[in-house]
Amino acid sequence: MLRSLVGSEMCIRDRAKDEMEREVERHKAEVTKLETSTRESRARMQEAQKEGVRLQSELTVVRAEAVSHKQTADQVCGQLDKREADLQESLSANTLCAIEIKALKQQLEDLSNASAQSLTVAE
């Protein structure tokens, strides 16, 4: 009976040892999965950081272009405002010239009529 008891104790011990080894293997597999997942996450994070730096650089360029375009637009608007003022001034001058021309035509017509009357009276 002593032998069978020792044998059963060995069997229990071996079974517990086998279960612990299987448990250790499962944990090792989980650790390996976690390590792989961590490496992949780090790689994705590094790629995202690189993309963030690239996008930041692009944003800086776009902002600089926007400032340049705004300055150009402001200059063009200033030139257009000056041109509009010049045209308004020219239009006012042309209107005055037209009024003066109309007055001169009227004077010429009046003089022509007066001359015609003078000639008629002198005859």
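The exercises below work through salt bridges and exposure in a predicted model.

**Exercise 1.** Determine how many salt bridges the structure holds, and which residues are linked in a network of them.

*Solution.* Side chains of opposite charge can pair when their charged atoms come close. Applying the cut-off of 4 Å between a side-chain nitrogen of Lys or Arg and a carboxyl oxygen of Asp or Glu, one arrives at 7 salt bridges in the structure. Within the structure, Glu-51, Arg-54 and Glu-58 are joined to one another as a network of salt bridges.

**Exercise 2.** Describe the pairing of Glu-23 with Arg-26, giving the distance between the closest N and O atoms, the placement of both residues in helix 1, and the exposure of Glu-23 and of Arg-26.

*Solution.* First, the distance: the closest N and O atoms of Glu-23 and Arg-26 lie 2.0 Å apart, and the two residues form a salt bridge. Second, the placement: both residues belong to helix 1, which covers residues 2–122, and because they are 3 residues apart there, about one helical turn separates them. Third, the exposure: Glu-23 has a relative accessibility of 32% and so counts as partly exposed, while Arg-26, at 46%, also counts as partly exposed.

**Exercise 3.** Carry out the analysis for Glu-25 and Lys-28, and state whether Glu-25 is buried, partly exposed or exposed.

*Solution.* The salt bridge between Glu-25 and Lys-28 has its closest N and O atoms 3.9 Å apart, a value that falls within the 4 Å cut-off. In helix 1 these residues are 3 residues apart, which means that about one helical turn lies between Glu-25 and Lys-28. With a relative accessibility of 47%, Glu-25 is classed as partly exposed.

**Exercise 4.** Work out the spacing of Asp-86 and Lys-82 in helix 1, and assign an exposure class to Asp-86 and to Lys-82.

*Solution.* Asp-86 and Lys-82 form a salt bridge in which the closest N and O atoms are 3.2 Å apart. Their spacing in helix 1 is 4 residues, so the two are separated by about one helical turn. Asp-86 has a relative accessible area of 31% and is therefore partly exposed, whereas Lys-82 reaches 55% and is exposed, the boundary for that class being over 50%.

**Exercise 5.** Locate Val-61, classify its exposure, and give the separation of its C-alpha atom from that of Ala-93.

*Solution.* Val-61 is a residue of helix 1, and its relative accessibility of 44% places Val-61 in the partly exposed class. Along the chain, Val-61 and Ala-93 are 32 residues apart, and their C-alpha atoms are separated by 48 Å.

Note on methods: Residues are numbered from 1 along each chain as its sequence is written. This is a predicted model: local features need pLDDT of at least 70, side-chain atom pairs count only at pLDDT 80 or more; totals for chains, interfaces and linings use all residues. Side-chain values use heavy atoms; hydrogens and water are left out. Buried means under 20% relative accessible area, exposed over 50%, partly exposed in between (1.4 Å probe, protein chains only).
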